[in-house]
Structure formats: C-alpha cells, structure tokens
Amino acid sequence: MTQDDRQTFANQVYAIIAAIPVGKVITYGQIAKMAGMPTYIRQVCFVLRHLPKGSKLPCHRIINGQGRLSVTGDSYLKYKLKLISEGIEFNQKDKIDLRKYGWYN
DNA sequence: TAAATGACTTGAG
DNA sequence: CCTCAAGCCATTT
C-alpha cells in the first residue's frame with residue numbers, strides 16, 4: 001500500500017460520498033464496492049473517521065448495513081436530525097428503510 | 001516485527 | 001431485537 005494508493009482510495013470515497021443524492025443514504029459496503037475495493041470496509045471506516053473537520057461532505061448519509069447510524073457519541077443525534085430534515089424517515093427502532101432510501105440498493 | 005484498533009459485516013443463538 | 005464471535009485490512013502503537 002503506497003501513499004498514492006491510499007490517497008486514491010480516499011479520493012474515491014470522497015467522490016462517492018459527495019455524489020449521494022439528497023434524501024438517500026449509502027452503506028459502508030456500497031462505498032467500498034463503488035470504490036472498486038469490496039473488502040475495504042474497514043478502510044472506508046477509517047477514512048470517514050478521519051474526515052477533515054471542515055469537510056463539506058454529507059457524511060451523515062452514511063449508515064451501516066442494518067440501516068442504522070454507526071456514529072458514536074453525540075453526533076449521532078445531529079446526523080439523525082439532518083437526515084430527517086432531508087426527508088429520510090426512521091422507524092421506531094431508529095432504523096432507516098434501505099429498500100426505500102438506500103442509494104442503488 | 002508483532003499486537004491493538006476501528007463510524008463494519010455476516011451469521012448463529 | 002440483542003449479544004457474541006469470527007473475518008476483515010490499513011493504520012497506529
């Protein structure tokens with residue numbers, strides 16, 4: 001894994017996230033696949049966790065395969081509210097219907 | 001060089 | 001629905 005490879009992967013992840021339509025969400029697995037690295041789930045995770053603070057990427061639209069937010073800490077609630085304001089609904093178990101809101105399910 | 005870590009996933013109980 | 005275990009792989013210690 002060279003510096004360039006890592007940079008390229010990160011850039012692809014950024015590009016994909018930036019392309020998520022309003023009112024849709026995407027899972028880690030989807031991102032990895034779209035970036036051409038289906039097994040790099042952990043790296044997607046790593047990239048997201050180390051997003052630049054001032055990033056304008058809609059990282060709140062990224063959820064886990066169960067349709068739940070994977071964010072830890074207080075940002076969980078913030079993300080949830082943003083999603084709701086974008087038209088995404090949560091069921092009583094705080095889950096999102098991927099069949100309806102998932103991007104390219 | 002080896003061990004620990006993480007915004008994950010899938011499957012079993 | 002929830003918890004646990006194993007698999008995952010670059011980055012950090």
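These are my notebook entries on a predicted model of protein chain A with DNA strand B.

**Entry 1: overall fold**

I began with the secondary structure of chain A and counted five helices and two strands. Read along the sequence, their order is α-β-α-α-β-α-α. I then looked up the radius of gyration, which is 13 Å for chain A, close to the 13 Å from the globule rule for 105 residues, so the chain is as compact as a globular protein of that length. Along the principal axes, the C-alpha atoms occupy a box of roughly 45 × 30 × 20 Å.

**Entry 2: surface and contacts of the chain**

I noted that 35% of the 105 residues of chain A count as buried. The accessible surface of the chain is about 6900 Å². Carbon and sulfur atoms supply 53% of that surface. For the contacts, I took pairs of residues at least 6 apart in sequence; 58% of these join residues at least 24 apart.

**Entry 3: the surroundings of DNA strand B**

I listed the residues around DNA strand B and found 15. The closest are Tyr28, Arg42, Arg49, Asn64 and Ser70. On the DNA side, sugar and phosphate make up 48% of the strand B atoms that come within 4 Å of the protein.

Which element gives the largest share of this surface? I found that it is helix α3, residues 41-49, with six residues. Sorted by class, the surface near the strand has seven nonpolar, six polar and two charged residues.

**Entry 4: polar contacts to the strand**

I looked at three residues here. The side chain of Arg42 places an N or O atom 3.0 Å from a base nitrogen of DNA strand B. Tyr79 also points to a base nitrogen of the strand, with a polar side-chain atom 3.3 Å from it. In Ser70 the backbone is involved: one of its polar backbone atoms is 2.9 Å from a sugar or linking oxygen of DNA strand B.

**Entry 5: Thr27**

I located Thr27 in strand β1, which covers residues 26-27. Is Thr27 buried or exposed? Its relative accessible area is 13%, so I recorded Thr27 as buried, the cut-off being under 20%. Leaving out residues up to four places away in sequence, Thr27 touches Ile63, Asn64, Gly65 and Leu98. One of these, Asn64, is also listed among the closest residues to DNA strand B.

**Entry 6: Asp97**

I placed Asp97 in the loop between α4 and α5. With a relative accessibility of 39%, Asp97 counts as partly exposed. A polar atom of the Asp97 side chain lies 3.0 Å from the backbone nitrogen of Arg99. I also checked a pair distant in sequence: Asp97 and Gly67 are 30 residues apart along the chain, while their C-alpha atoms are 6.4 Å apart.

**Entry 7: positive phi values**

I noted Asp94 for its phi near 65°, a positive value in a residue other than glycine. Asp94 sits in the loop between α4 (75-85) and α5 (98-101). Asp94 is partly exposed, at a relative accessible area of 22%.

Tyr104 is another non-glycine residue with positive phi, in this case near 60°. I found Tyr104 in the segment after α5. Its relative accessibility is 61%, and I recorded Tyr104 as exposed, since the cut-off is over 50%.

Note on methods:
Residues numbered from 1 in each chain as written. Chains lettered and ligands numbered in written order. Predicted model: local features only at pLDDT ≥ 70, side-chain atom pairs only at ≥ 80, totals over all residues. Heavy atoms only, no water. Near = heavy atom within 4 Å. Polar contact = N/O pair within 3.5 Å; in protein donor to acceptor, adjacent residues only side chain to side chain. Helix = DSSP H or I, 4+ residues; strand = E, 2+ residues; numbered from the N terminus. Nonpolar A, V, L, I, M, F, W, Y, C, P; charged D, E, K, R; others polar. Rg over C-alpha atoms; globule rule 2.2 N^0.38 Å. Buried < 20%, exposed > 50% of the residue type's maximum accessible area, 1.4 Å probe, protein only. Contact = heavy atoms within 4.5 Å. Areas by Shrake-Rupley, 256 points an atom, 1.4 Å probe, with all protein chains shown as cover.
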